[in-house]
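Thanks for passing this one along. Here are a few notes to read with the model open beside you.

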Amino acid sequence: MAMNNPYQQYQTNAVQTASPGELTLMLYNGCLKFIKLARQAIETGDVAARNENLTKAQNIILELMKTLKMEYEVAKSMMTMYDYIYRRLIEANVKHDAAILDEVEGYVTEFRDTWKQVIQLNRQRQYAEGGQA
C-alpha cells in the first residue's frame, strides 16, 4: 500500500480551503514559478521544459482572464494587460527570448504584489469590523 505524499496532500488542502482571493494569489505565484523555470530552460537549451513551463504560464493567464468581471472598468484594463502578457509568453517561447520573460515577470509580479495588498487590506477591514461588534 502506497503512502500519500504529505506535501501533495498539504497543497491539495491549501487549494481546497483557500478563499477566491487566495486562489488568485496562488495563480500569480504559479505563473511566476513557471516563468522562472522557463527562463532556466532557455538558458540550458531545454526546449521541452521551456515549452512546458511557458504553456503552463499561458494557461494561468488564460484562467485569470476568465475570472475577470468585465462590468468593471478596471477589469477591462486588466484584460488588456493579461492579453499582452499572454501574447508575450507565446513570443518568448517561439523566439527563445529570456528578455521577454524578464518583462512579463515584472508585470506579473506587480499584479501579484498589488493583489497581496488587497488581501491584506480586506483582512484588516474584516478584523476591524469584527472587533467592533
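1. At what angle do helix α3 and helix α4 pack, and how far apart are their axes? Please keep in mind that this is a predicted model. In it, α3 (residues 47-67) and α4 (residues 73-95) pack at an angle of about 170°, and their axes are 10 Å apart. Angles over 145 degrees count as roughly antiparallel, and α3 and α4 are therefore roughly antiparallel to each other.

2. It is worth displaying the side chains of this contact. On the α3 side, the residues that meet α4 are Arg50, Asn51, Leu54, Ala57, Gln58, Ile61, Leu62, Leu64 and Met65. Their partners in α4 are Met79, Tyr82, Asp83, Ile85, Tyr86, Leu89, Ile90, Ala92 and Asn93. By character, the residues of the contact of α3 with α4 comprise 13 nonpolar, three polar and two charged.

3. Stepping back to the whole chain, you will find five helices and zero strands. Read from the N terminus, the order of elements is α-α-α-α-α. The C-alpha trace spans about 60 × 55 × 20 Å along its principal axes.

4. Now for the aromatic rings: how many aromatic pairs are there? The count comes to three. One of them joins tyrosine 82 and phenylalanine 111 in a tilted arrangement, with 5.2 Å from centre to centre and 50° between the planes. This pair links distant parts of the chain, since tyrosine 82 sits in helix α4 and phenylalanine 111 in helix α5 (residues 98-132), 29 residues apart. Tyr82 is also among the α4 residues that meet α3.

5. Do have a look at the second largest pocket too, which holds about 310 Å³ of space. Its lining consists of 13 residues, and those nearest the centre are Thr67, Leu68, Lys69, Met78 and Trp115. Two or more lining residues come from each of α2 (20-44), α3 and α4.

6. Which element gives the largest share of that lining? Helix α4 does, with four residues. As for character, the lining of the second largest pocket divides into ten nonpolar residues, two polar and one charged.

Terms used:
Residues numbered from 1 in each chain as written. Predicted model: local features only at pLDDT ≥ 70, side-chain atom pairs only at ≥ 80, totals over all residues. Heavy atoms only, no water. Axes fitted to C-alpha atoms, helices over the stretch in contact; angles between N-to-C directions. Parallel < 35°, antiparallel > 145°, perpendicular 65-115°, else oblique. Contact = heavy atoms within 4.5 Å. Nonpolar A, V, L, I, M, F, W, Y, C, P; charged D, E, K, R; others polar. 1 Å grid on protein atoms, 1.4 Å probe; cavity = no way out; pocket = protein on both sides within 12 Å on 5 of 7 lines; lining within 4 Å. Points joined across faces, edges and corners; volume = space filled by probe spheres on them. Phe/Tyr/Trp six-rings, centres within 6.5 Å; stacked < 30°, edge-to-face > 60°.
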